[in-house]
Amino acid sequence: MSLIADNLKNVQDKISKSAQKAGVNAEEIELVVVTKTRTIEEIDDVLDCGINNIAENYVQEAQSKFAEIGNIVKWHMIGHLQTNKAKQAVEVFDLVQSVDSFDLAQELSKRALAAGKTLDVLVEVNISREEQKFGVKPEETLDFIEKLADLEGIVVMGLMGMAPLLDNPEDTRPYFRELRSLWEKLPEEQRVYLSMGMTCDFEQAILEGSNMVRIGTAIFGQRK
Ligand SMILES: *Cc1c(COP(=O)(O)O)cnc(C)c1O
């Protein structure tokens, strides 16, 4: 087995164990493999293992990889998206997890309509409340989502958030808990994905109710 396949297996085992602890079915937790900075060869390794969800942070990088890999997988956008990249984003991505402003949502809606598509989106919430992080403020999230209801061509499928980087991963749990409780307040049709947890904290995120984890480093190693 390749190192990447080995690492992937380890991550999947940990997801299963955490799911069991959380009292949920492991199959209900979606693993999204974060492929930013990784080569096509590295990505092929995880695709060979049956991975069907990959995530990128930059539109341009995703476009060039999409040209090689195509739509045999579901493409997730998890980085900050500039309004002027909405058109290209609609062409590549199946789920934009990083909707953080009304302007962006409006532009995605317009571009999706023009392309004759319906784009699934998540609203990114700034649960860490760090200035330099993107995302809607937790206290403004529910009003924000209500405003999106008028936009055709995009469908809100849930929430995405990132905990702050903390020495003890257990300390991330209150942040995840806050996102979970916001998610619980959404109308049922929008409570599809609760995207939280990355390499350093996915086990804690699952214990707090995550059903979508986004993992890169634990599978491919440190990014250069
Ligand atoms: C890079 C990134 C990840 C993956 O981080 P790892 O620590 O490599 O697992 C997850 N979510 C977002 C939003 C990211 O930008």
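**View 1. Cys49 and Cys200, two partly exposed cysteines.** Cys49 has a relative accessible area of 37%, and Cys200 has one of 40%. Both therefore count as partly exposed, the class between buried (under 20% relative accessible area) and exposed (over 50%), with a 1.4 Å probe and protein chains only. The number of disulfides is zero; a disulfide is a pair of cysteine sulfur atoms within 2.5 Å. This model is predicted: local features need pLDDT of at least 70, side-chain atom pairs need pLDDT 80 or more, and totals for chains, interfaces and linings use all residues. Residues are numbered from 1 along each chain, and side-chain values use heavy atoms, without hydrogens and water.

**View 2. The shell around the ligand.** Residues here have a heavy atom within 4 Å of the ligand. Among them are Val34, Ile78, Met162, Arg214 and Gly216. The shell has five nonpolar, four polar and three charged residues. Ala, Val, Leu, Ile, Met, Phe, Trp, Tyr, Cys and Pro count as nonpolar; Asp, Glu, Lys and Arg count as charged; the others, including Gly, count as polar.

**View 3. Polar side-chain atoms beside the ligand's oxygen atoms.** Each pair below is a polar contact, meaning two N or O atoms within 3.5 Å. Thr199 places a polar side-chain atom 2.5 Å from a ligand oxygen. For Lys36, the distance from a polar side-chain atom to a ligand oxygen is 2.8 Å. A side-chain N or O atom of Asn57 also lies 2.8 Å from an oxygen atom of the ligand. Taken alone, the ligand exposes 390 Å², and the protein buries 92% of that (Shrake-Rupley method, 1.4 Å probe).

Conventions. A polar contact is a pair of N or O atoms within 3.5 Å; within protein, one must be able to donate a hydrogen and the other to accept it, and residues adjacent in sequence count only if both atoms are side-chain atoms.
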